[in-house]
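Student: I've got a model open and I'd like to test the labels people put on it. Can we go through them one at a time?

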Amino acid sequence: MKSLIILVLVLQGVKGTPRVHVLTPAITALRGSDVRIDCQFHTSGMRKGFDVEWLQKRQERINSIHLFHQSPELSHVQDHSLTGRSRMFPSAIANGNASLLISNVEMTDEGEYTCFIVMDGAGYRDTAVLTVVASYEQPELQQVLEQEAVSLSCVSRKGFPAALVSWIDDRGGSYSQEAITELTLTPEGLYDAHSRLKRAFSSQRRVCCIITNSPLQERKRSCVQLGAGKSLEHQEALL
């Protein structure tokens, strides 16, 4: 099978050349979005036909994503995990455009993507690294008033990578080091953040739990107004 022949060539260390070029070697995509990995190759001087294959390397495993032959009946073989979510552009391939589009990006799509071209009996390749990130849900802040202290619980789910959780008040105070924070990796490959803060406050103030996702430059917060035995909860997102 031609796909296996190309895979063997890759594993044997076929070198990249200027004949194949991935335009963006490092790509960051938001979970649920669409991402296009642009690959161009030079067809000038080509004496015979060509084949195009996209390979994904994830956790040392290599999968064939798409295979394009000049014989239509042999084209568009794809890995089951991307069935219905990935495609090439057949009308553009003859002009040297072998780009790959992945729709509704999932965490399992992260990895190295190799654009591999076989022409005139030789193999050429270039590689892009796809990183997938996910936005955290708006944090939920709950409180329990006790006789001498207040217990605050902050939960934010389904984000990636691991978030930074911080606690501050409207007077410039920081309580992050006093909090107990747990980050749990779910079967979906996402993180759930749960942070707890328990302390006594001597006067009225507004206390906020902030979830920071650095690659997205995203900060989401939930706040509670404490003091005089009363509380008023309100939430806001800062993106």
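Tutor: Sure, and keep in mind that this is a predicted model. Let's start with Cys154 and Cys209, which form a disulfide with their sulfur atoms 2.0 Å apart.

Student: What makes Cys154 and Cys209 a disulfide?

Tutor: The cut-off is a pair of cysteine sulfur atoms within 2.5 Å. The sulfur atoms of Cys154 and Cys209 are 2.0 Å apart, so the pair counts as a disulfide. The link is left-handed, with -80 degrees about the S-S bond. It connects distant parts of the chain, Cys154 in strand β12 and Cys209 in strand β16, 55 residues apart.

Student: Why is Cys154 called buried?

Tutor: Buried means under 20% relative accessible area. Cys154 has 1% relative accessibility, so the word applies. Cys209 is buried too, because its relative accessible area is 0%.

Student: Which cysteine is joined to Cys208?

Tutor: Cys223, with an S to S distance of 2.0 Å. The torsion about that S-S bond is about 105 degrees, so this disulfide is right-handed. Cys208 is in strand β16 and Cys223 in strand β17, so the pair ties together parts 15 residues apart in sequence.

Student: And why is the disulfide of Cys39 and Cys115 called left-handed?

Tutor: Because the torsion about the S-S bond is about -80 degrees. Cys39 sits in strand β4 and Cys115 in strand β9, so this disulfide ties together parts that are 76 residues apart in sequence. The structure holds three disulfides, and with the bonded cysteines numbered in sequence order the pairing reads 1-2, 3-5, 4-6.

Student: How do you know that β12 and β15 pair?

Tutor: Two strands pair if there are at least two bridges between them. β12 and β15 have eight, in the antiparallel sense, so they qualify. One of the partnerships puts Ser151 opposite Lys198 of β15. β14 and β15 also pair in the antiparallel sense, over six bridges.

Student: What puts the largest nonpolar core between the domains?

Tutor: That core has 51 residues, and Phe41, Val52, Trp54 and Trp167 touch the most other members. Domain 1 (20-133) and domain 2 (140-226) both contribute residues, so the core lies between them.

Student: Which element has the lowest mean pLDDT, and which the highest?

Tutor: Strand β18 has the lowest, 43, and β14 the highest, 97. Over residues 228-239 pLDDT stays under 50, and the model has 38 contacts beyond four places in sequence for that stretch. Where pLDDT is low, predicted coordinates shouldn't be read in detail.

Definitions and conventions. Residues are numbered from 1 along each chain as its sequence is written. This is a predicted model: local features need pLDDT of at least 70, side-chain atom pairs count only at pLDDT 80 or more; totals for chains, interfaces and linings use all residues. Side-chain values use heavy atoms; hydrogens and water are left out. Helices (H or I, at least four residues) and strands (E, at least two) are DSSP runs, numbered from the N terminus. pLDDT is the predictor's confidence in each residue, from 0 to 100. Contact means heavy atoms within 4.5 Å. A nonpolar core is a set of buried Ala, Val, Leu, Ile, Met, Phe, Trp, Tyr and Cys residues joined through side-chain atoms within 4.5 Å. Buried means under 20% relative accessible area, exposed over 50%, partly exposed in between (1.4 Å probe, protein chains only). Domain bounds come from an automatic or database domain assignment.
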